[in-house]
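Here is a short tour of how a protein and its DNA meet, with a look at some ring-shaped side chains along the way. Keep the picture open as you read.

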Protein chains: 2
Amino acid sequence: MKMKDKITEKSIELFGEKGFNETSIQDIVDSLGVTKGTFYYYFESKQQLLMDIHLTFIDDLLSRQKDILSDQSKSCKTKIFDIVRMLIKNIEKHGWDALIFFREIRHLNEEQMDKIVKKRALFQHHLEDLIKLGMSQGEFRGGLPADIVTLGILGMCNWSYFWFDPKGRVPDEKVAMIYVDMVLNGIAVQR
Amino acid sequence: MKMKDKITEKSIELFGEKGFNETSIQDIVDSLGVTKGTFYYYFESKQQLLMDIHLTFIDDLLSRQKDILSDQSKSCKTKIFDIVRMLIKNIEKHGWDALIFFREIRHLNEEQMDKIVKKRALFQHHLEDLIKLGMSQGEFRGGLPADIVTLGILGMCNWSYFWFDPKGRVPDEKVAMIYVDMVLNGIAVQR
DNA sequence: AATTAAATACCAACTGGTTAGTACATCGAA
DNA sequence: TTCGATGTACTAACCAGTTGGTATTTAATT
C-alpha cells in the first residue's frame, strides 16, 4: 500500500479511538515507523488530512445513494430499505470513518465545513425527495411533513454509529429490516 | 448568581461552541473577568467540571423520565409521547448541554465515563421496559425486538440535537408529535 | 460593641509539558 | 546528477494545573 493511504488509514483508526485533537501527528507517524517529514510531504496540514477523510466518506455515500435512487425497477419502499441498509452496513466496513464524520467535523475550517455540510444536505434532500415521491405515488401516506420524517429516519440510522456492534448478536441486515418495518408500519397495533 | 454557577454556565456555552479541548480554562475565566485561581478554587480539574455538567444533565433526564413512567393513569402510547416530547423539549432549555453530553463524553476518565454510561443505559432500559409492557398489554404489536426499537426511537430523538433549531418553523411540540405518529403508525399507507 | 480567629473568595506568576508546523539535511533510484 | 521520499532538529505557541499569596466576609468571644 502507498504511504499516503497508510497514513490515512492509520489516522482514521487513531482519530476514531482517541479523537482528532488527542491524536498528534507524532502519534500517527510513530505508529507507522516514519517521521513527520513524511507526513508533511503528503499532507499540507492536519486539517487537510481530516478534510480528505470527510470528502472520501461523504462522496462514497452520495455515489451509492445515487445508484440506489436511479434504479427504476424499485419501489420507494424498497429504495428506503436499500438506503437504510447501506447506512447501517457502512458501519461494518467503515466503523471509525463514520464516527469521525459526525464527531470531528468541527475541526474543519469554515470553508471546508461548508463544503461538507452542503454535501450532507444533498444526501438529506435526496432522501426527502424520495419520501415526497412515495407520498405522491400513494406508497406513503400524506399528512406527515417529509422533511421531519427524513430527519427522523436519518437520526435512527446515524445514531446506530454510536452503539452498533458489528460483532453483536443482531446483524446489520436485520437492524435495517427492523428499522424500515418500524418506519413503514409503525409499532402500534393497527385498529 | 454564584461564581461557581457562572463558571458552569459559561463553560457549557464555550464547550458547546468550540468543544471541550478547544476551550482553555483561560478562555472561560477571561470571559467572566476572573482568573484561573478562581476556577481551581471551585473545581478540582477541568475534567471534574465536565463530569458535573454530565451528571446534572443525565440526573435531570432520569428524574423526569421517572415522573412520566410512574403516572398510572397514562397509556404506554402516551408515555412514549411524553418521553419523546421531553427529550426534544429539552433542546430549547439546554441546547448546548445535550451536545456536550453526546460529543464530549470521551473526555471523562474511565471511572467517570462508566458512571455516566450506566445512567444512560438506565434511561434506555426504562424505555425498553415501557415498550415491552406495551407489547404485552396489546398496545404495540409483537414481532419487533424491543431493544432495537428502543434504540431507533432514541436515535431519532437524540439526533435532533444536531439539527433542531428552537427558533425554526417547526415547534418542538410538533416535532415530538410527528415522530411519535411515525413510530406508532408508520409512514406507509396501510392496506 | 469591639476584637480576633477562621473561613471564603479571589489573584498573579510560574512550571512542566505538549504540539503543529518548518527548514534543511540525507539517501537511493532512475 | 537529479529529484522524490524521508529523517533530524528546532521553534513558537499554548495550556492544565500549582503555589503562595491578599482582601473580604463571617463567627465567636469578651
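## Phosphate contacts on strand D

Start with B:I25: one of its backbone N or O atoms lies 3.0 Å from a phosphate oxygen of DNA strand D. A polar side-chain atom of B:Y40 also lies 3.0 Å from a phosphate oxygen of this strand. Chain A takes part too, as a polar backbone atom of A:T35 is 2.7 Å from a phosphate oxygen of DNA strand D. Please remember that this is a predicted model, and the distances are computed from its atoms.

## Who surrounds strand D?

Which residues come nearest to DNA strand D? Of the 15 residues around it, they are A:T35, A:Y41, A:Y42, B:K36 and B:K46. On the DNA side, sugar and phosphate make up 62% of the strand D atoms that come within 4 Å of the protein.

Two helices are worth finding in your viewer. Helix 3 of chain A and helix 3 of chain B each supply at least two residues of the surface near DNA strand D. Helix 3 of chain A gives the most, with four residues. Sorted by class, this surface has six nonpolar, seven polar and two charged residues.

## Turning to strand C

Now look at the other strand. DNA strand C is surrounded by 15 residues, and the closest are A:K36, A:K46, B:T38, B:Y41 and B:Y42. Here, 64% of the strand C atoms that come within 4 Å of the protein belong to sugar and phosphate.

Which part of DNA strand C does the side chain of A:K36 meet, with an N or O atom 2.7 Å away? That partner is a base oxygen. Chain B supplies contacts to phosphate: an N or O atom in the side chain of B:T38 is 2.7 Å from a phosphate oxygen of DNA strand C, and a polar backbone atom of B:T35 is 3.0 Å from a phosphate oxygen of the strand.

Helix 3 of chain A and helix 3 of chain B, each covering 36–42, both give at least two residues to the surface near DNA strand C. The largest share, four residues, comes from helix 3 of chain B. By class, the surface near DNA strand C holds six nonpolar residues, seven polar ones and two charged ones.

## Rings that pair up

Let us leave the DNA and look at aromatic side chains. How many aromatic pairs are there over all chains? The count comes to 19. In one of them, A:F57 and A:F101 are 4.6 Å apart, centre to centre, and the pair is tilted, with 45 degrees between the planes. This pair links distant parts of the chain: A:F57 sits in helix 4 (residues 46–69) of chain A and A:F101 in helix 6 (residues 95–103) of chain A, 44 residues apart.

Are these two rings buried or exposed? A:F57 has a relative accessible area of 6%, so it counts as buried. A:F101 has 4%, so it is buried as well. Ring pairs also join A:F57 and A:F101 with A:F102, A:Y161, B:W159 and B:F162 in a cluster.

## Charges over rings

Finally, look for charged side chains sitting over rings. The charged end of A:R120 sits over the ring of A:F101, 4.5 Å from its centre. In chain B, the ring of B:F20 has the charged end of B:K46 over it, 4.4 Å from the ring centre. You have met B:K46 already, among the residues that come nearest to DNA strand D.

How values were computed: Residues are numbered from 1 along each chain as its sequence is written. Chains are lettered from A and ligands numbered from 1 in the order in which they are written. This is a predicted model: local features need pLDDT of at least 70, side-chain atom pairs count only at pLDDT 80 or more; totals for chains, interfaces and linings use all residues. Side-chain values use heavy atoms; hydrogens and water are left out. A residue is near a molecule or strand if one of its heavy atoms lies within 4 Å of it. A polar contact is a pair of N or O atoms within 3.5 Å; within protein, one must be able to donate a hydrogen and the other to accept it, and residues adjacent in sequence count only if both atoms are side-chain atoms. Ala, Val, Leu, Ile, Met, Phe, Trp, Tyr, Cys and Pro count as nonpolar, Asp, Glu, Lys and Arg as charged, and the others, Gly among them, as polar. Rings of Phe, Tyr and Trp (its six-membered ring) pair if their centres lie within 6.5 Å; planes under 30 degrees apart count as stacked, over 60 as edge-to-face and the rest as tilted. Buried means under 20% relative accessible area, exposed over 50%, partly exposed in between (1.4 Å probe, protein chains only). A charge sits over a ring if NZ of Lys or CZ of Arg is within 6 Å of the ring centre and within 35 degrees of the ring normal.
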